[in-house]
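Good morning, colleagues. Please turn to the sequence and the structure, which I shall now put before you.

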Amino acid sequence: MFGPQPGGGGILDPDGAMEHLAAWKGRIDRLAADTRTMSDRLQQLRVTATSADRMAEVTIDHTGALLELRLDQRIQRVAPEAVARVIMSTIADARRKAAAQAREILADTVGTDSPAARAIAARVDQQLRDLQTGESTPDRDPNRW
């Protein structure tokens with residue numbers, strides 16, 4: 001058990017141990033690169049949504065913050081409360097789309113099988129839900145996923 005293993009490559013075999021460490025380092029390096037790519041893509045995420053009546057169009061960033069709001073001239077003939085509802089529901093739609101796109105980015109970069117990927121996806125969903133309900137997560141940093 002502790003002696004040389006047939007065919008070498010055992011943990012006590014120096015060459016086998018070096019191969020094992022090199023493979024492990026390769027996996028860690030790939031994970032780090034994939035995580036950087038994921039972070040870069042999430043930081044660049046921008047989502048635009050348009051209301052069903054085309055009265056409002058909004059663009060949000062990766063944190064769900066409103067970057068741009070475009071309103072059609074028809075809003076002048078609509079009650080302010082109705083305009084506000086259209087804007088808010090369009091922002092909520094954009095945030096749902098952002099969450100879906102963020103999940104796609106996670107799947108494309110770090111995968112969905114690891115506990116870390118599942119935790120990141122849950123955090124993204126929670127952050128965007130908090131924005132929709134007006135709640136905030138105490139440790140939430142708006143510049144990080």
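I begin with a definition: the expected span of a helix is 1.5 Å times one less than its number of residues. What we have here is a predicted model, and helix H1 is where I apply that rule. H1 comprises 30 residues and should therefore span 44 Å. Its end C-alpha atoms lie 43 Å apart, which agrees with the expectation.

Let me stay with this helix, which covers residues 14–43. Which of its residues are buried? Gly 16, Met 38 and Leu 42 are buried in H1. Met 18, also placed in H1, has a relative accessibility of 56% and therefore counts as exposed, the cut-off for that term being over 50%. Met 18 belongs, moreover, to a nonpolar patch on the surface, formed with Leu 21, Trp 24 and Ile 28. Together, these four residues have about 430 Å² of accessible area.

I now come to the sheet. Three strands form an open sheet, with antiparallel pairing, in the order S1-S2-S3. Strand S1, residues 47–50, and strand S3, residues 66–71, stand at the edges; each has a single partner strand, so one side of each is left without a neighbour in the sheet. On average, neighbouring strands of this sheet are turned by 15 degrees against each other, with direction ignored.

How many bridges join S2 and S3? Strand S2, residues 56–60, pairs with S3 over five bridges, in the antiparallel sense. As to individual partners, Ala 56 has Leu 71, in S3, as its bridge partner.

Thank you for your attention.

How values were computed. Residues are numbered from 1 along each chain as its sequence is written. This is a predicted model: local features need pLDDT of at least 70, side-chain atom pairs count only at pLDDT 80 or more; totals for chains, interfaces and linings use all residues. Side-chain values use heavy atoms; hydrogens and water are left out. Patches are made of residues with over 30% relative accessible area and no salt bridge: like charges are joined within 9 Å, nonpolar side chains (Val, Leu, Ile, Met, Phe, Trp, Tyr) within 5 Å. Accessible areas come from the Shrake-Rupley method with a 1.4 Å probe; for residues, only the protein chains shown count as cover. A salt bridge is a side-chain nitrogen of Lys or Arg within 4 Å of a carboxyl oxygen of Asp or Glu. Helices (H or I, at least four residues) and strands (E, at least two) are DSSP runs, numbered from the N terminus. Buried means under 20% relative accessible area, exposed over 50%, partly exposed in between (1.4 Å probe, protein chains only). Two strands pair if DSSP finds at least two bridges between them. Axes are lines fitted to C-alpha atoms, for helices over the stretch in contact, and angles run from 0 to 180 degrees between N-to-C directions.
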